[in-house]
Amino acid sequence: MSDRILLAIPNVGDAEARNLKACIDENFVSTVGRFVGELEEKCADISGTSMGVATAAGTQALHMSLRALNIGADDLVILPSFTFIASANAIRHSGAMPWLMDISNDWTLCPEAVSRALEANCTIENGQCIHRPTGKRVAAMMPVYTLGTPADMSALNAIAKRWHLKTIADAAAAIGVSIAGAPIGEFADATCYSFNGNKTITCGGGGMIVGNDETMMKRAKHLTTTARVPPNYDHDEVGYNYRMTNLEAAVGCAQMGKLDDFLIAKQRIRKAYNTAFADRAGIVDFPAPAERTSTCWFSGFVFEDPKHAVSTFCEHLNAYNIEARPFWKPVHLQVPYKDAPYEDMSKTESLWNRIVTLPCSTSLSASDQDRVIECTLRALDEMGVS
Ligand SMILES: *Cc1c(COP(=O)(O)O)cnc(C)c1O
């Protein structure tokens, strides 16, 4: 049988090995070392921001952004329900609660839904947005750049301004993309990346905040480093040990050198699937909104009819030794968030269990992708999808 083709695996090699060897030769393997600062700079540069703050995970980058913007207990944060649960967890870690909303056809936070919910439930009091049903402050919105595609930030920022909300972008897999030609960092108060193993680039594990508000960014750095006031053991608040290690940053710096090639590979993979499935009845492409570039973090297709079970399709592909998976189950359907307030979820509920993700590693060869395509078409025939 041919080798198993996995969904999304790291693509590391000699450049990463060289940087790791340098860490060991220089004896900088922990949370201090030149690669951490270098990665922060590289991420800020590519995002069009003045600063970057590294963390040990993307979840921590989101959590620290909220804390650095003074968001916490008794606050609500607007979040699309269609996201990975880590976005909601970061909000809960800060003490705040997600206020869950629907997505648009582009699978990102729907500006009309947000505006409607705010108009119906909120009032501005003393410069703050107050949610009348609970009396809580609505402090921020956290758009998610689903599949590495930015949300409609010009519409969302207009709403944020009108309602005095901060913006924290969950750009976990969206490093390197742009909105109307401008890098994404300038479209939110804080923009957060993840360097987990299945993301566009990886550090093994890790995260990064980028932003232009240097007071906020310095506070984020302070919080991630035990809120220590140098030179000795003085600390001015309850901080966190959320630092990235030099080993992780060394891998990340090497990956940043390959980002352009990775983005080309991801986009080529997306295009090859779309072309191969263009004439296949019963399935449609992932969305590709105009004016916004995408990392095409994941590729795959959507069943038009929910009667076709994604799990059945994945079993068929598994039998061909190919990994295929469903995508995010919405947050409002998850046990830990059963008490989080949520609005109309028509789009989210009709979409989420029709999505199939297919192998899309940057190292996926053309012949392996051909095998995935052939087996997908065969499985669709076997399932009677038309
Ligand atoms: C991966 C991911 C995260 C969390 O990142 P970690 O580095 O795994 O903590 C958050 N949000 C989204 C949308 C993600 O895809």
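Visitor: What is the volume of the largest cavity?

Guide: It comes to about 90 Å³. Keep in mind that this is a predicted model.

Visitor: Why is that space called a cavity?

Guide: The word is used for a set of points where a 1.4 Å probe fits but cannot get out. The cut-off for counting is 30 Å³ or more, and by that rule there is 1 cavity. The largest cavity, at about 90 Å³, therefore earns the name because a probe fits there and cannot get out.

Visitor: Which residues lie nearest the centre of the largest cavity?

Guide: Ile-9, Pro-10, Lys-199, Thr-200 and Thr-362 do, out of 15 lining residues. By class, that lining divides into 5 nonpolar, 8 polar and 2 charged residues.

Visitor: What makes the largest pocket a pocket and not a cavity?

Guide: A pocket is an open set of points, whereas a probe in a cavity cannot get out. The largest pocket holds about 650 Å³ of space. Two or more residues of its lining come from each of α3, α4 and β10 (190–194).

Visitor: What lines the largest pocket?

Guide: There are 38 lining residues, and Phe-84, Asn-198, Lys-199, Trp-297 and Trp-328 lie nearest the centre. Sorted by class, the lining has 22 nonpolar, 12 polar and 4 charged residues.

Visitor: Where does the ligand sit?

Guide: The ligand takes up the space of the largest pocket. To sit there, more than half of its atoms must lie within 2 Å of the pocket's grid points.

Visitor: Which residues come nearest the ligand?

Guide: Of the 16 residues around the ligand, those are Gly-58, Thr-59, Asp-170, Ser-194 and Lys-199. The 16 residues include 7 nonpolar, 7 polar and 2 charged ones. Helices α3 (58–68) and α4 (85–93) each supply at least two residues of this shell.

Visitor: How do you know that Thr-59 makes a polar contact with the ligand?

Guide: The cut-off for a pair of N or O atoms is 3.5 Å. A side-chain N or O atom of Thr-59 is 2.5 Å from an oxygen atom of the ligand, so the pair counts as a polar contact.

Visitor: What about Asp-170 and Ser-194?

Guide: Asp-170 has a side-chain N or O atom 2.7 Å from a nitrogen atom of the ligand. For Ser-194, a polar side-chain atom lies 2.7 Å from a ligand oxygen atom. Both pairs are within 3.5 Å, so these are polar contacts too.

Visitor: How much of the ligand's accessible area does the protein cover?

Guide: The protein covers 89% of the 380 Å² that the ligand has on its own.

Key: Residues numbered from 1 in each chain as written. Predicted model: local features only at pLDDT ≥ 70, side-chain atom pairs only at ≥ 80, totals over all residues. Heavy atoms only, no water. Near = heavy atom within 4 Å. Polar contact = N/O pair within 3.5 Å; in protein donor to acceptor, adjacent residues only side chain to side chain. Areas by Shrake-Rupley, 256 points an atom, 1.4 Å probe, with all protein chains shown as cover. 1 Å grid on protein atoms, 1.4 Å probe; cavity = no way out; pocket = protein on both sides within 12 Å on 5 of 7 lines; lining within 4 Å. Helix = DSSP H or I, 4+ residues; strand = E, 2+ residues; numbered from the N terminus. Nonpolar A, V, L, I, M, F, W, Y, C, P; charged D, E, K, R; others polar. Points joined across faces, edges and corners; volume = space filled by probe spheres on them.
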